[in-house]
Amino acid sequence: MKLRIFYKLGMRAVAGLASIVLSLTAFAADPLKVGFVYVSPIGDAGWTYQHDQGRLEMEKRLGDKVQTKYIESVPEGGESERVIRQFATDGYGLIFTTSFGYMNPTIKVAKQFPNVVFEHATGYKTAKNVGTYVARFYEGRYLAGIVAGKMTKSNVAGYVAAFPIPEVLRGINAFTLGMRSVNPAVTVKVIWVNSWFDPGREREAADVLIAQGADVVTHHTDSTAVVQAAEEAGVWSVGYHSDMSKYGPKSHLTAATHHWGNYYAKVAEDVLAGTWKSSNIWWGIKEGMIKLAPLNPAVPAEVQAYVMEQEMGIKDGAVHPFRGPIKNQDGEEVVAAGAVLSDEELATMEWYVEGVEGKLPK
Amino acid sequence: MDTIVGILLATLGAGTPLVFAALGELVSEKSGVLNLGVEGMMIVGAVCGFAVAAESGSLWLGVITSIVAGAGTALLFGVLTLTFQANQVAAGLALTIFGVGLSAYIGLDYTSVALTGMAQIHIPLLSELPIVGPLLFSLDPLLYLSFVCFAAITYFLYRTKAGLLLRAVGESPESALSLGYSVIAIRYMAVLFGGAMAGLGGAYLALVYTPLWVEAMTAGRGWIALALVVFATWRPARVMIGAYLFGGVTIIQFHVQGFGVDIPSQLLSTLPYLATIVVLVLISRDINTIRLNAPASLGKAYHPSV
């Protein structure tokens with residue numbers, strides 16, 4: 001009995017030594033270890049799914065120069081700090097934290113690991129070794145709005161939204177501006193569900209919007225329930241984050257989709273080359289971070305062509321969703337003709353454009 | 001008029017998962033077992049039902065699986081608390097955590113599947129009546145089933161000997177035992193029934209209401225069901241009122257938002273909870289009725305030897 005224990009211990013010691021030796025020899029051609037912290041399960045569509053697609057693309061492009069690992073469903077706050085620190089202590093050289101609520105934990109851990117590069121999505125705090133990145137989601141929203149504005153018959157659109165923060169408001173406003181750029185009679189009804197993720201509630205809100213006359217619905221929440229509700233009710237839908245046409249083959253007009261892969265690959269390359277610098281990235285359609293999902297075949301060819309044209313316009317700067325004249329809900333002009341909202345003004349947006357119904361909750 | 005019918009219809013849909021889960025928990029608690037694992041049983045029921053429906057293409061097979069899976073999860077709870085007399089509160093909480101995790105694992109391959117939900121049954125002639133037609137005679141089959149469950153449970157608890165026995169076990173297990181009944185066996189049945197009903201609530205969510213599977217899709221409905229049982233002072237009719245009230249106020253506050261009424265949405269979001277609690281507390285405020293209806297041995301482990 002005793003002998004067997006000694007034997008086991010001995011084997012373990014040998015194995016341990018071997019692994020140390022192995023890791024030392026491997027050190028020479030060590031790949032860059034890249035960690036990803038996700039706020040929700042990856043699933044098949046949605047915010048985290050798109051980030052994971054980005055991770056896979058980075059792997060594909062850099063091959064064995066990188067080695068990635070992700071941890072999903074990490075709650076924002078204290079728990080995330082533990083996960084981020086674990087990555088840093090495990091020798092990860094580059095860590096992506098992909099949710100707004102990871103901001104303070106990321107900054108905190110980054111202070112203790114000055115040699116590790118951190119990239120935080122959607123935040124506003126940077127440090128020497130912490131960069132931030134976010135996409136111009138609103139550009140996709142604007143284009144999707146154009147499609148919706150052309151397709152609506154009732155001239156009422158429904159928007160299921162999570163929380164009244166600038167990012168969501170930019171989306172609502174851009175969608176409304178897009179719709180009204182081709183169909184000034186349109187109004188957009190917004191229902192706040194006060195949750196990022198509750199399919200039942202999202203469904204209920206969509207049903208209510210449809211009952212109140214909306215014949216095109218979209219959402220800024222994480223599930224596909226709104227698209228499904230539209231499919232069942234026989235109205236149009238516009239997806240978000242991912243192409244959701246599978247959940248609404250007939251109803252899904254298009255979706256504003258996110259594509260992080262290009263950026264992730266670039267950051268990893270910069271870190272490997274030693275040229276990485278902290279920056280505040282805000283990429284959009286031009287850089288390919290935002291794309292419009294393939295349009296529903298029911299969208300007439302001339303509308304498709306017009307949308308493509310507008311997309312090109314955004315790429316070369318001729319079109320900007322927030323180019324004046326823009327009026328707010330009270331009919332006051334907030335952006336003068338020809339002027340364009342600055343990134344600073346976009347980042348702190350806290351008002352509805354004309355055409356959005358209901359009062360903004362504050 | 002259409003709007004009102006629409007609101008009422010949506011209310012039925014929103015309330016039904018709660019009806020199933022809360023009625024099941026009520027039966028379990030009436031036998032003296034407090035099972036805080038409703039959320040866990042519900043979500044395991046939801047994922048198993050969805051998986052089987054997706055593989056077999058039969059929604060009904062899915063519903064049956066949900067029932068079995070809910071009861072199976074409850075069996076685990078029963079073994080812990082009834083056979084091994086573990087603490088019911090701790091075991092129930094553990095069951096919820098376990099259920100949410102397990103369901104995520106089982107559901108890994110099903111997050112991308114889109115199902116067509118259950119079609120409504122239109123009862124000939126009656127469904128063409130104005131107002132009551134769409135409201136009562138053209139619903140989905142599980143909604144009819146929830147009405148049947150309510151009637152059957154009420155009848156069982158208050159009009160049958162077996163129901164009396166179940167309540168007796170919840171009030172005073174010692175007396176039931178001294179009359180020669182097996183407290184543990186009766187409690188097992190009540191717990192399994194509670195699990196089956198929670199599973200059915202999960203099936204309603206994943207197969208009828210939002211026919212998709214995503215992690216944590218029950219989003220706390222199991223906890224609301226639990227609270228409903230207490231606030232309804234363990235009475236089936238009040239559980240129904242509470243569930244529909246909760247569903248109804250949820251829908252109405254969305255309508256209020258959609259019409260652009262100037263009330264902060266955060267406040268509106270709390271309304272379903274507030275309204276349900278206030279109404280149920282008001283109709284159940286008599287302290288004697290609470291004492292009369294609360295099972296006296298609720299949550300206490302039962303040691304046959306003592």
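**Close-ups of a predicted two-chain model**

**View 1. Strands β1 and β2 of chain A sit side by side.** Six bridges tie strand β1 (residues 32-37) of chain A to β2(A), and the two strands run parallel. Strands count as paired if DSSP finds at least two bridges between them. Helices (H or I, at least four residues) and strands (E, at least two) are DSSP runs, numbered from the N terminus. Look for A:V37, which stands opposite A:I71 in β2(A). This is a predicted model, where local features need pLDDT of at least 70 and side-chain atom pairs count only at pLDDT 80 or more, while totals for chains, interfaces and linings use all residues. Residues are numbered from 1 along each chain as its sequence is written, and chains are lettered from A and ligands numbered from 1 in the order in which they are written.

**View 2. Zoom out a little, and β1 and β2 turn out to belong to a six-stranded open sheet in chain A.** The strand order is β2-β1-β3-β4-β5-β11, with parallel pairing. Which strands stand at the edges? They are β2 (66-71) and β11 (280-283) of chain A; each has a single partner strand, so one side of each is left without a neighbour in the sheet. From one strand to the next, the twist averages 20°. Helix α2 (residues 47-62) of chain A lies across β1 and β2 of chain A, and runs at about 165° to β2(A). For angles like this, axes are lines fitted to C-alpha atoms, for helices over the stretch in contact, and angles run from 0 to 180 degrees between N-to-C directions.

**View 3. Here is where domain 1 and domain 2 of chain A touch.** Domain 1 covers 29-135, and domain 2 covers 137-257 + 291-357; the bounds come from an automatic or database domain assignment. Taken over C-alpha atoms, the centres of the two domains of chain A are 29 Å apart. Eight residues of domain 1 of chain A are in contact with nine residues of domain 2 of chain A. "In contact" says that the C-beta atoms of two residues, placed from the backbone, lie within 7 Å. On the domain 1 side, α2(A) gives the most, with three residues. By class, that side has four nonpolar, four polar and no charged residues. The classes go like this: Ala, Val, Leu, Ile, Met, Phe, Trp, Tyr, Cys and Pro are nonpolar, Asp, Glu, Lys and Arg are charged, and the others, Gly among them, are polar.

**View 4. Chain A also has a seven-stranded open sheet, with mixed pairing.** Read across, the order is β12-β10-β9-β8-β6-β7-β15. At the edges you find β12 (290-292) and β15 (356-357) of chain A, each pairing on one side only. Strand β6 (residues 156-161) of chain A and β7(A) run in the parallel sense and share six bridges; the bridge partner of A:V156 in β7(A) is A:T187. Helix α7(A) packs on the sheet, touching β6, β7 and β8 of chain A, and its direction makes about 165° with that of β6(A). Helix α5 (residues 137-151) of chain A lies across β6, β8 (216-220), β9 (236-241), β10 (252-258) and β12 of chain A, at about 175° to β10(A).

**View 5. Is β9(A) buried or exposed?** Six of the six residues of β9(A) are buried, so this strand is largely enclosed by the rest of the structure. A residue is buried if 20 or more other C-beta atoms lie within 10 Å of its own, exposed if 12 or fewer, and partly exposed in between, with C-beta atoms placed from the backbone. Strands β8(A) and β9(A) pair in the parallel sense over three bridges, and A:V217 has A:S237 as its bridge partner in β9(A).

**View 6. Now for the place where chain A meets chain B.** The contact takes 28 residues from chain A and 29 residues from chain B. On the chain A side, the elements giving two or more residues are β7 (187-192), α7 (199-211) and α8 (225-233). Helix α7(A) gives the most, with nine residues. Sorted by class, the chain A side has eleven nonpolar, eight polar and nine charged residues. The model scores ipTM 0.76 and pTM 0.81.

**View 7. Last stop: helix α10 (residues 221-231) of chain B.** Its buried residues are B:R221, B:G222, B:I224, B:A225, B:L226, B:L228 and B:V229. What covers them includes α1 (2-30), α2 (38-56), α4 (88-106), α9 (183-209) and α11 (236-258) of chain B. After α10(B) comes B:T233, whose phi is positive, near 45°.
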